[in-house]
Amino acid sequence: MRTTIVLLAALLLCFSACTSKPSSNQEQAANPSQQAKAVDPETAANITGVVSFQGTPPKPRKIDMGQDPACGTQPNYDESYVVKEGKLANVFVYVKAAENIPAGPFVAVNVTRPIEQQGCRYHPHVLGVMTGHEVTIINADDTTHNIHPMPTESKQWNESQLPKAEPIVKKFDKPEIMIPIKCNQHPWMKMYLNVVDTPWFAVTDENGKFELKGLPPGDYTLAAVHEKLGEQTMKISVGPKDSKTADFTFKAQ
Amino acid sequence: MTEITGLSDKILGWFGTPEPASLQRSKLLRSSLTTPYNKGHHYYALFTAYATFLVIIAGALVTSNEAGLAVPDWPTSFHTFRMPRMVGGVLYEHGHRMIAGFTILLTLGITIYTLLVDRRGWMKKLAIAGFLTIIVQAILGGITVLNFLPPAVSTAHALVGQTFFCIAVAIALLTGRKYAGEVEKTAVDRRKPSLIGLTLLSVLVLYVQLALGGMFRHKGMSWEPHVFNAIVVAIVLTWTSIRVLSYYSQVEALRRPAVTMLGLVMVQLCLGFISFLTKVVWGKDAVQPMPMMVWSTVAHVAVGALLLATAVVLAIQAWRHVPVLSEEPVHSTKAVIA
């Protein structure tokens, strides 16, 4: 009898160990940063740069938001070309390929900012995130929005978010550049999400500047991508503690 | 033309020859066309056809305003059957769903009405087919929303929608006073291709054009096939209209749809050109749907639907008024003479 009880207890223990507790692999998959490696700060290099625009940029077009009074009266302009003194904003710059660097994955060096819907606009217009990391989506407007990413590498989804509702948190598991995100209720609302495997990416600010921090020494192919002007690439090598410059220039089409 | 037919029948009678088999078939078919005129039934059918036209316009507004996914779920809207806030794209998408829902109820009504008052068996079948078509149409609308508007499904939604419109127009026509009581002026068609063949060809090329236009509108194809096929459509429809106006202009039931079709072809070509300018040339980089693009493309879809329905009406009237005389009985007549 005692033997039977002991056997049953052992079986139960086995069963609970197999079902209730996630394996270490599952835990790691749920939190990708746990298995990721940090770049040695003693050797980490930086790349900074400026993205310029050559030519006359198209005049920003004003958006008519009369369809929904809750969008407010603040003027809203098309953000396809944001050019200030010849410098181009909203360009996504990232490491497209890397050679002679330790095997990844690497710890994220940027904190991904949330996507905020305010004044029937997406803020920011271009965003980057690492695969498997969370993106938080906030609706600060007094109207309902739809969030509809249209990736080609993974499944689309389309969710509505009530005014000032709880944030929506999503993960994107497959790398893809310039995924359009649209609101089908307000057809002018559009932004681009970039999902990359490495932590070295940035979006140019209003002065066209970007900075890629914490790169391990190695040989890189950098890519600068603009929603209308396409992609440019550049090869660059960095040594330990290097601070290099990589500038891009896009021409008017 | 009626005189010609009468004369040919008399000549055949002198020689003791039976009526041509095609005419016999035609008469048999026409005898099954009779039912007492019911004003309420006819007006209800007309109202259903008008409501269907409104659904097509509402659907075109959804596509032109890029609002197909403004309501992400189906058959509910935002997971409820309550009225949502009708702003932005929701106004178009939910508005389309409301008018479509109302039209489904109207169609259920016309189906029951037809089953109750119409004596013609094939008319009852047509009404049931109409009801099944609108149910398929509603399901296609749901499938396309839940699958993020795949071009093939959205185009099928457009095709089935216009098919239902043609059925609704046909029911309105076939329940009309003229259809029930009009004395037929039968004219025999000996030309090749026959008029009925031309009208059916018109319907076919319009369907192809609708499919190509739908694929372009739903981003599944470039604009070129639709624009090039417009030339084919214009030629076939003009040919059909001119055939009617040249040989059967005394038959009002044929002349009116032929003139309408010719007029609509011209209007449609102009609207197509304006739509091309506003959508492809000026609007390719538009940051939001521009009013001129919206109204020109919606008008283009609406006139396209009218054109298809007119071609169907012309085909029905051609079948009714101009039976094709096959060559088989002519040979037998010669044999008797010899």
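**Entry 1: disulfides**

How many disulfides does a search of the whole structure find over all chains? I ran the search and got one. My cut-off for a disulfide was a pair of cysteine sulfur atoms within 2.5 Å. This is a predicted model, where local features need pLDDT of at least 70, side-chain atom pairs count only at pLDDT 80 or more, and totals for chains, interfaces and linings use all residues. Residues are numbered from 1 along each chain as its sequence is written, chains are lettered from A and ligands numbered from 1 in the order in which they are written, and side-chain values use heavy atoms, with hydrogens and water left out.

The partners are A:C71 and A:C120, with sulfur atoms 1.9 Å apart. I read -75° about the S-S bond, so the link of A:C71 and A:C120 is left-handed.

I then placed both ends. A:C71 sits in the loop between β1 (45-54) and β2 (83-84) of chain A, and A:C120 in the loop between β5 (115-117) and β6 (122-123) of chain A. The pair is 49 residues apart and links distant parts of the chain. I took helices (H or I, at least four residues) and strands (E, at least two) as DSSP runs, numbered from the N terminus.

Are A:C71 and A:C120 buried or exposed? Both are buried. I used under 20% relative accessible area for buried, over 50% for exposed and partly exposed in between, with a 1.4 Å probe and protein chains only.

I also checked A:C183. A:C183 is in no disulfide, and the nearest cysteine sulfur, that of A:C120, is 7.3 Å away. A:C183 counts as buried because its relative accessibility is 0%. In chain B, I looked up B:C166, which counts as buried at 6% relative accessibility.

**Entry 2: chain B, overview**

I counted twelve helices and zero strands in chain B. Of the 338 residues in chain B, buried ones make up 49%.

**Entry 3: helix pairs**

Two packed helices are described by the angle between their axes and the distance between the axes. My axes are lines fitted to C-alpha atoms, for helices over the stretch in contact, with angles from 0 to 180 degrees between N-to-C directions.

I started with α5 (residues 121-146) and α6 (residues 151-174) of chain B. They pack at an angle of about 155°, axes 9 Å apart. That makes α5(B) roughly antiparallel to α6(B). My classes: under 35 degrees is roughly parallel, over 145 roughly antiparallel, 65 to 115 roughly perpendicular, the rest oblique. The crossing of α5(B) and α6(B) is left-handed; left-handed means the near helix is turned anticlockwise from the far one by less than a right angle, and right-handed means clockwise.

Next came α6(B) and α11(B). Their axes come within 9 Å and cross at roughly 45°. α6(B) and α11(B) are therefore oblique to each other. Their crossing is right-handed.

**Entry 4: the largest nonpolar core**

Which residues touch the most other members of the largest nonpolar core? I found B:L195, B:L206, B:L237, B:L254 and B:L307, in a core of 39 residues. The elements giving two or more residues are α6, α8 (195-217), α9 (224-247), α10 (252-281) and α11 (291-321) of chain B. α11(B) gives the largest share, eight residues. By my rule, a nonpolar core is a set of buried Ala, Val, Leu, Ile, Met, Phe, Trp, Tyr and Cys residues joined through side-chain atoms within 4.5 Å.

I followed up B:L237, which lies in helix α9 of chain B. B:L237 is buried, with a relative accessible area of 0%. B:L237 and B:S202 are 35 residues apart in sequence, yet 5.7 Å apart in space, C-alpha to C-alpha.

For contrast I took B:K219, in the loop between α8 and α9 of chain B. B:K219 counts as exposed at 68% relative accessibility. From B:K219 to B:L149 I read 70 residues in sequence and 9.7 Å in space, C-alpha to C-alpha.

**Entry 5: backbone exceptions**

Most residues other than glycine have a negative phi, and most peptide bonds are trans. I looked for exceptions.

The peptide bond from B:W74 to B:P75 is cis, with omega near 5°. B:P75 lies in the loop between α3 (39-64) and α4 (88-117) of chain B. B:F78 lies in the loop between α3 and α4 of chain B, and B:F78 has a positive phi of about 55° although it is not a glycine.

The bond from B:K192 to B:P193 is cis too, omega near -5°. I placed B:P193 in the loop between α7 (177-181) and α8 of chain B.

In chain A, I noted A:K241, with phi near 65°. A:K241 is in the loop between β17 (230-238) and β18 (243-245) of chain A. A:K241 counts as exposed at 55% relative accessibility.
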